[in-house]
Amino acid sequence: FKNEDDGEFYFHYNDAGAAALLYSEGYTAGKSRDNGIRSVIKNGVLAERYEIKEEGGEYYFTLKAGNRQEIARSRNFGSKEEVERSKVIKTVNTISI
């Protein structure tokens, strides 16, 4: 989708209940956003591409490309254990177009 406020293109990956699992960075062009989606599909199957982080007492994970650039970020979780237990990473591993 294109955010009319900043003019950038984004993607979200939602679960079956329409809750957002992953959020992308902003892209200046739709084609770049589409490449980001392809990168999530390519890198989502590789465990080493995930990194769990903490910020302000909330935990989330990032998915990174082979060049270590962040492709997408998960929703927030209450604990590191919740991130590790979640089915979010497993769900991301099954993304396809």
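This is a short tour of a predicted model, stop by stop.

**Whole chain**

Start with the cartoon view. The protein has three helices and five strands. Follow the chain from the N terminus and the order reads β-β-α-β-β-β-α-α. Now colour by burial. Of the 97 residues, 34% are buried. Show the surface next. About 6,000 Å² is accessible, and carbon and sulfur atoms account for 47% of that area. For contacts between residues at least 6 apart in sequence, 36% link residues at least 24 apart.

**Helix α1**

Select residues 30–43. This is helix α1, with 14 residues. From first C-alpha to last, α1 reaches 20 Å, close to the 20 Å expected at 1.5 Å a residue. Which residues of α1 are buried? Pick Gly30, Arg33, Gly36, Ser39, Val40 and Asn43. They lie on the same side of α1, because their arc around the axis is only 170 degrees. An α-helix has 3.6 residues a turn, so residues three or four places apart point the same way. Turn to the other side of α1 and find Lys31 and Lys42, both exposed.

Stay on α1 and zoom in on serine 39. Its relative accessible area is 19%, so serine 39 counts as buried, the limit being under 20%. Show what serine 39 touches beyond four places in sequence: Gly44, Ala65 and Ile71.

**The nonpolar core**

Next, select Phe11, Leu22, Val40, Phe61, Leu63 and Ile71. The largest nonpolar core has 13 residues, and these six touch the most other members. Strands β4 and β5 each supply at least two residues of this core.

Centre the view on phenylalanine 11. Where along the chain does phenylalanine 11 lie? It lies in the segment before β1 (12–14). Leave out neighbours within four places in sequence, and phenylalanine 11 is in contact with Leu22, Tyr23, Ser24, Tyr27, Arg33, Gly36, Ile37, Val40 and Ile71. Leu22, Val40 and Ile71 in that list are also among the core residues just selected.

**Aromatic pairs**

Show the rings of Phe, Tyr and Trp. A pair of aromatic rings is described by the distance of the centres and the angle of the planes. The model holds three aromatic pairs. Two of them are visited here.

Go to phenylalanine 1 and tyrosine 10. Their rings are stacked, 5.7 Å centre to centre with 25 degrees between the planes. Is each partner buried or partly exposed? Phenylalanine 1 is partly exposed at 48% relative accessible area. Tyrosine 10 is buried, at 17%.

Now take phenylalanine 11 with tyrosine 27. This pair is stacked too, at 6.4 Å centre to centre and 20 degrees between the planes. Both phenylalanine 11 and tyrosine 27 are buried. Tyrosine 27 sits in the loop between β2 (20–24) and α1, so the pair ties together parts that are 16 residues apart in sequence.

**Two buried serines in strands**

Select serine 24, in strand β2. Serine 24 is buried, at 11% relative accessible area. Beyond four places in sequence, serine 24 is in contact with Tyr10, Phe11, Ile71 and Ala72. Draw a distance from the C-alpha of serine 24 to that of isoleucine 37. The label should read 8.6 Å, for residues 13 apart along the chain.

Move to serine 74, in strand β5. How accessible is serine 74? Its relative accessibility is 3%, so serine 74 counts as buried. Serine 74 touches Leu21, Leu22, Tyr23, Tyr60 and Phe61, not counting residues up to four places away in sequence. Draw one more C-alpha distance, from serine 74 to alanine 20. These residues are 54 apart in sequence and 8.1 Å apart in space.

**Last stop: arginine 68**

Select the loop between β4 (58–64) and β5 (70–74), and pick arginine 68. Check its backbone torsions. Most residues other than glycine have a negative phi. Arginine 68 has a positive phi of about 75 degrees, although it is not a glycine. Arginine 68 is partly exposed, at 46% relative accessibility.

How values were computed
Residues are numbered from 1 along each chain as its sequence is written. This is a predicted model: local features need pLDDT of at least 70, side-chain atom pairs count only at pLDDT 80 or more; totals for chains, interfaces and linings use all residues. Side-chain values use heavy atoms; hydrogens and water are left out. Helices (H or I, at least four residues) and strands (E, at least two) are DSSP runs, numbered from the N terminus. Buried means under 20% relative accessible area, exposed over 50%, partly exposed in between (1.4 Å probe, protein chains only). Contact means heavy atoms within 4.5 Å. Accessible areas come from the Shrake-Rupley method with a 1.4 Å probe; for residues, only the protein chains shown count as cover. The expected span of a helix is 1.5 Å times one less than its number of residues. The arc is that of the directions from the helix axis to the C-beta atoms. Rings of Phe, Tyr and Trp (its six-membered ring) pair if their centres lie within 6.5 Å; planes under 30 degrees apart count as stacked, over 60 as edge-to-face and the rest as tilted. A nonpolar core is a set of buried Ala, Val, Leu, Ile, Met, Phe, Trp, Tyr and Cys residues joined through side-chain atoms within 4.5 Å.
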